Amino acid sequence: MIVTGDLGKTGSELLYEIMEQEYEIDLKPYHNDCGLMIFDLEEQKVFSGGSGCGCSASVLCGHILKEIERKKLNKVLFVATGALMSPTSTKQGNTIPSIAHAVLLEG
């Protein structure tokens, strides 16, 4: 399983598109996103999702580690994603830098 922080629906679709076009890899069968695992897009008005660090921590500690312990998952690439938001930079039209830490978890 490959898990990202909170790319949300839009970010996940972009990830799939880039991986397909650039590397000819279909990531969909292996990927899940913490924000998409927590929120119900049909029932909740989440728009761009939640906090990458909050979603990542909640899903990792509340679900993934338990699944590894139960032997339902044996290898997880956990990529905690986040944006380095600055109200000043955003108002000035600057891009939003992003960061990601990859951790391989094995049971």
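The legends below accompany close-up views of a predicted model.

Residues are numbered from 1 along each chain as its sequence is written. Because the model is predicted, local features need pLDDT of at least 70 and side-chain atom pairs count only at pLDDT 80 or more, whereas totals for chains, interfaces and linings use all residues, and side-chain values use heavy atoms, with hydrogens and water left out.

**View 1. The overall arrangement of helices and strands.** The protein has four helices and four strands, where helices (H or I, at least four residues) and strands (E, at least two) are DSSP runs numbered from the N terminus. Along the sequence these elements follow the pattern β-α-β-α-α-β-α-β, and the C-alpha atoms fill a box of roughly 50 × 30 × 30 Å along the principal axes. Of the 107 residues, 26% are buried, where buried means under 20% relative accessible area, exposed over 50%, and partly exposed in between (1.4 Å probe, protein chains only).

**View 2. Helix 1 and its two faces.** The 16 residues of helix 1 (residues 8-23) should span 22 Å at 1.5 Å a residue, and its end C-alpha atoms are indeed 22 Å apart; the expected span is 1.5 Å times one less than the number of residues. G8, S12, Y16 and M19 are the buried residues named in this helix. Seen down the axis, the buried residues of helix 1 fall within an arc of 110°, so they line one face, the arc being that of the directions from the helix axis to the C-beta atoms. An α-helix has 3.6 residues a turn, so residues three or four places apart point the same way. The face turned away from the buried side carries the exposed residues T10, Q21 and E22, while the cover over the buried residues includes strand 2 (31-33) and helix 2 (34-38).

**View 3. Pairing of strands 1, 3 and 4.** Strand 1 (residues 2-4) and strand 3 (residues 75-83) run parallel and are joined by three bridges, two strands being paired if DSSP finds at least two bridges between them. V3 has F78 of strand 3 as its bridge partner. Strand 3 also pairs with strand 4 (residues 98-106), in the antiparallel sense and over nine bridges, with V76 opposite L105 of strand 4.

**View 4. T4 and its contacts.** T4 lies in strand 1 and, at 5% relative accessibility, counts as buried. Leaving aside residues up to four places away in sequence, T4 touches L15, H31, N32, D33, C34, V79 and T81, a contact meaning heavy atoms within 4.5 Å.

**View 5. The second largest pocket.** This pocket is lined by I2, T4, L7, L15, L27, H31, L77, V79, T81 and A100. Strand 3 supplies the largest share of the lining, three residues, and strand 1 and strand 3 each supply at least two. On a 1 Å grid over the protein atoms alone, a pocket is an open set of points where a 1.4 Å probe fits, with protein on both sides within 12 Å along at least five of seven lines, and lining residues have an atom within 4 Å of a point.

**View 6. Two residues with positive phi.** E24, which follows helix 1, is not a glycine yet has a positive phi of about 55°; E24 sits in the loop between helix 1 and strand 2 and is exposed, with a relative accessible area of 69%. K71, also a residue other than glycine, has a positive phi near 70°; K71 lies in the loop between helix 3 (52-69) and strand 3 and is exposed, with a relative accessible area of 67%.
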